[in-house]
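Me: I would like to go through this model by question and answer. Please keep each reply short and end it on the item asked for.

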Amino acid sequence: MRHLLDVADLGGAEGIEEVLRLTDSFVEVSERAIPRVPALRGKTVAWLFYEDSTRTRLSFETAAKRLSADTMNFSVSSSSVKKGESLLDTAKTIEAMGIDAIVVRHASAGAPHRIAGWVDAAVINAGDGWHEHPTQALLDCYTLRQHLGSLDGCRIAIVGDIKHSRVARSDVQAFHALGADVTLVAPPTLLPPSLDGWPVRVSHDLDAVLPDVDVVYLLRMQRERMGTGLIPSLREYTATWGLTNRRVERLRPEALVMHPGPMNRGVEIAAEVADLPRSVILDQVRNGVAVRMAVLYLLLGSGADLPAPTPPAAAADAPVVPDPAASPEPAAPDAEPEPARA
Ligand code: NCD
């Protein structure tokens, strides 16, 4: 496996745990006075962002730089896409410059999968339509593990616009794989038409769910992906589904509040609630850099693939990933020659 397109590519709990363990090393690197290792020197990572992004893009970029990779920026708004260039031609053009990985965000589900079929470079899905956002799920798992020790048995409510949320689709799979018990809380209009095969419970009563959970994970109303008429008004949405100052009191004292960002303060989360000590939203952002370093390193750095979803006996043969943070000197990848440039 050469790409990270879906949470399923990680190969279940074992693969997710491997990324989280590697992330520990990169958190340590990020805390150094000079937070940089030469692990990906000579590698080039390109960004292909067809949709707006603040934290995902900056965090991938920071991750690549901390691993000493070269980066190639592509901004749709100032590119030949504006002149009608297709996704295929754009991907092939970027690849011809000599790149090792492409990080793709696209409004259409499946776009990164198409690109993965066209290019030799590793493709990382940084969010495709309503479909998936696997690195967000990894950083959420890492943040939960950091605060709770383990996700096993942890009760998580994901609240809000599940229907249009790629974050929810990836998080549900990753949280479930690590043993968490997930409840979706939303009005019926903001749930997918079918939840067949989703390992979740569903509730339409946030007040009833809050006292019983360890984590409440809020989602933004994804108005750019939404038809009209799904909720009566934002004010009514907030009154019934928002984590207001009054409602947050229903949580147990140690329960955490999470949000993938960008937040709409005053809609799904009260402005003050976002800044409470129980809110770990900035930890999510901080951990995003180290998690993405781990993903880039696994795909590019060691020559090792992410572990395939194999039974434990076969997994024992999986390539061993060296500890990239053990010394300031690079692990094996640095010995590799510069990639050829077209
Ligand atoms: C999310 C996204 O773009 O999918 N943001 C993110 O990557 N942190 C969620 C959202 O847009 O609401």
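The turns below deal with a predicted model.

Me: In the open sheet of four strands, which are the edge strands?
Reply: The strands of this sheet follow the order β2-β1-β3-β4, with parallel pairing. An edge strand pairs on one side only. The edge strands are β2 (70–72) and β4 (122–128).

Me: Which residue in β2 stands opposite A46?
Reply: Strand β1 covers residues 44–49. Its pairing with β2 is parallel and runs over three bridges. Opposite A46, in β2, stands M72.

Me: By how many degrees are neighbouring strands of the open sheet of four strands turned against each other on average?
Reply: The sheet in question has the order β2-β1-β3-β4. With direction ignored, the average turn between its neighbouring strands is 20°.

Me: Which buried residues cover the two faces of strand β8?
Reply: In a regular strand, side chains alternate between the two faces of the sheet. Strand β8 spans residues 215–218, and both of its faces are covered. The buried residues are V215 and Y217 on one side, and on the other V216 and L218.

Me: Which residue in β9 stands opposite V216?
Reply: Strand β8 pairs in the parallel sense with β5 (residues 155–159) over four bridges, and there I156 stands opposite V215. β8 also pairs with β9, again in the parallel sense, over three bridges. In β9, the residue opposite V216 is V257.

Me: Where does the ligand lie with respect to domain 1 and domain 2?
Reply: The residues surrounding the ligand are R55, T56, G127, H133, Q136, R166, V167, R220, Q222, P260 and G261. Helices α2 (55–66) and α6 (166–177) each supply at least two residues of this shell. Because domain 1 (7–133 + 285–304) and domain 2 (134–280) both give residues to the shell, the ligand lies between them.

Me: How many residues of the shell around the ligand are charged?
Reply: The shell contains two nonpolar and six polar residues. The charged residues in the shell number three.

Me: What is the omega of the cis peptide bond between G261 and P262?
Reply: Most peptide bonds are trans. P262 sits in the loop between β9 (256–258) and α9 (271–274). The bond that joins G261 to P262 is cis, with an omega of about -10°.

Me: Is S68 buried, exposed or partly exposed?
Reply: S68 belongs to the loop between α2 and β2. Its phi is positive, about 70°, although S68 is not a glycine. Because 17 other C-beta atoms lie within 10 Å, between the limits of 12 for exposed and 20 for buried, S68 is partly exposed.

Me: Which helix gives the largest share of the largest nonpolar core?
Reply: This core has 93 residues, and A101, I102, V159, V216 and L296 touch the most other members. Twelve residues, the largest share, come from one helix, α10 (residues 281–301).

Me: Is R235 buried or exposed?
Reply: R235 is placed in helix α8 (residues 234–241). Its C-alpha atom is 7.4 Å from that of V267, which is 32 residues away along the chain. Because R235 has 11 C-beta neighbours inside 10 Å, R235 counts as exposed.

Me: How far apart in space are G11 and A177, C-alpha to C-alpha?
Reply: G11 lies in the segment before α1 (12–30) and is buried, with 20 other C-beta atoms within 10 Å. In sequence, G11 and A177 are 166 residues apart. In space, their C-alpha atoms are separated by 9.6 Å.

Note on methods
Residues are numbered from 1 along each chain as its sequence is written. This is a predicted model: local features need pLDDT of at least 70, side-chain atom pairs count only at pLDDT 80 or more; totals for chains, interfaces and linings use all residues. Two strands pair if DSSP finds at least two bridges between them. Axes are lines fitted to C-alpha atoms, for helices over the stretch in contact, and angles run from 0 to 180 degrees between N-to-C directions. A residue is near a molecule or strand if its C-beta atom, placed from the backbone, lies within 6 Å of it. Ala, Val, Leu, Ile, Met, Phe, Trp, Tyr, Cys and Pro count as nonpolar, Asp, Glu, Lys and Arg as charged, and the others, Gly among them, as polar. Domain bounds come from an automatic or database domain assignment. A nonpolar core is a set of buried Ala, Val, Leu, Ile, Met, Phe, Trp, Tyr and Cys residues joined through C-beta atoms within 7 Å.
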